[in-house]
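Welcome to this guided tour! Please open the structure in your viewer and keep the selection tool handy.

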Amino acid sequence: MSVDDPIFASRRRVQGYALVVAFVFLIIGVLGFVPGLTSNYGTILHVGADSQAHLLGFFQVSVVHNVVHLIFGVAGVLAARRLVWSRIYLVAGGCLYLALAVYGMLIDHHSVANVLPVNNADNWLHIALGVVMVLLAVDPRGSQRPLLPGKRLPRRKRLRPRRG
């Protein structure tokens with residue numbers, strides 16, 4: 001892909017942010033199914049707090065939890081096609097993850113209410129993801145085109161005082 005490609009060059013920063021976030025979710029979703037990276041993989045369940053599988057030894061996962069990450073990643077790739085969709089994806093997703101963190105803090109992690117499942121490490125990660133996504137959505141430079149490799153910022157004309 002060339003930097004002069006009109007499709008690539010027409011993208012805005014917030015679309016790039018949405019795409020990066022989407023790829024992170026796709027990677028997390030796939031890694032949740034990889035034995036070795038997911039400890040106690042043999043105990044992974046479809047849903048519920050009884051799943052003892054932990055991604056990277058910290059984040060409690062289940063099949064549904066991993067699939068939710070994959071779906072969220074695909075939604076982000078699709079949202080990155082339009083500026084408005086990208087902002088909606090980042091704001092709505094950020095708010096959703098902040099709400100999920102609050103939910104995770106309020107429930108008993110060993111109860112049937114812990115459907116996804118989540119633990120304390122997940123809660124802190126969800127807070128960080130939510131805050132970062134919302135901040136990316138409201139970045140004042142988000143509507144600008146990114147500075148592409150090999151491109152320079154346009155020079156500003158200097159205003160010289162008139163001699164009288």
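**The whole chain**

Of the contacts in the protein chain with a separation of 6 or more, 64% are between residues 24 or more positions apart. Keep in mind that you are looking at a predicted model. Start by colouring the chain by secondary structure: five helices and three strands should appear. If you follow the sequence along, the pattern reads α-α-β-β-β-α-α-α. The chain has 164 residues, and 33% of them are buried.

**Stop 1: helices α2 and α3**

Select residues 13-31 for helix α2 and residues 63-79 for helix α3. Two packed helices are described by the angle between their axes and the distance between the axes. How closely do the axes of α2 and α3 come, and at what angle do they cross? They come within 7 Å and cross at roughly 155°. Angles over 145 degrees count as roughly antiparallel, so α2 is roughly antiparallel to α3. The crossing of these two helices, α2 and α3, is left-handed.

Now show the side chains where the two helices touch. On the α2 side, pick A18, L19, A22, F23, F25, L26, I28, G29 and V30; in α3, their partners are N66, H69, L70, F72, G73, V74, G76 and V77. Sorted by class, the residues of this contact of α2 with α3 are 12 nonpolar, five polar and no charged.

**Stop 2: H69**

Stay in helix α3 and select H69. Is H69 buried or exposed? H69 is buried, because its relative accessibility is 7%, and the cut-off for buried is under 20%. Beyond its neighbours within four places in sequence, H69 is in contact with F25, L26, I28, G29 and Y97.

**Stop 3: helices α3 and α4**

Keep α3 on screen and add helix α4, residues 83-106. The axes of α3 and α4 come within 8 Å and cross at roughly 155°. These helices, α3 and α4, are therefore roughly antiparallel to each other. To see the contact, show H69, F72, A75, G76, L78 and A79 in α3 together with W85, S86, Y89, G93, L96 and Y97 in α4. The contact of α3 with α4 has eight nonpolar, four polar and no charged residues.

**Stop 4: the aromatic rings**

How many aromatic pairs does the structure hold? There are four. A pair of aromatic rings is described by the distance of the centres and the angle of the planes. Zoom in on F72 and Y97: their ring centres are 5.4 Å apart and their planes are at 70°, so the pair is edge-to-face. Because F72 lies in helix α3 and Y97 in helix α4, this pair ties together parts that are 25 residues apart in sequence. F72 is buried, with a relative accessible area of 13%, and Y97 is buried too, at 5%. Add F25 and Y89 to your selection, and you can see a cluster of F25, F72, Y89 and Y97 linked by ring pairs.

**Stop 5: L90**

For the last stop, select L90 in helix α4. L90 counts as buried because its relative accessibility is 0%. Which residues is L90 in contact with, leaving aside its neighbours within four places in sequence? They are V14, Y17, A18, V21, M133, V134, L136 and A137. Finally, try the distance tool on the C-alpha atoms of L90 and Q15: these residues are 75 residues apart along the chain, and the two atoms are separated by 9.6 Å.

Conventions: Residues numbered from 1 in each chain as written. Predicted model: local features only at pLDDT ≥ 70, side-chain atom pairs only at ≥ 80, totals over all residues. Heavy atoms only, no water. Axes fitted to C-alpha atoms, helices over the stretch in contact; angles between N-to-C directions. Helix = DSSP H or I, 4+ residues; strand = E, 2+ residues; numbered from the N terminus. Parallel < 35°, antiparallel > 145°, perpendicular 65-115°, else oblique. Left-handed = near helix turned anticlockwise from the far one by under 90°. Contact = heavy atoms within 4.5 Å. Nonpolar A, V, L, I, M, F, W, Y, C, P; charged D, E, K, R; others polar. Phe/Tyr/Trp six-rings, centres within 6.5 Å; stacked < 30°, edge-to-face > 60°. Buried < 20%, exposed > 50% of the residue type's maximum accessible area, 1.4 Å probe, protein only.
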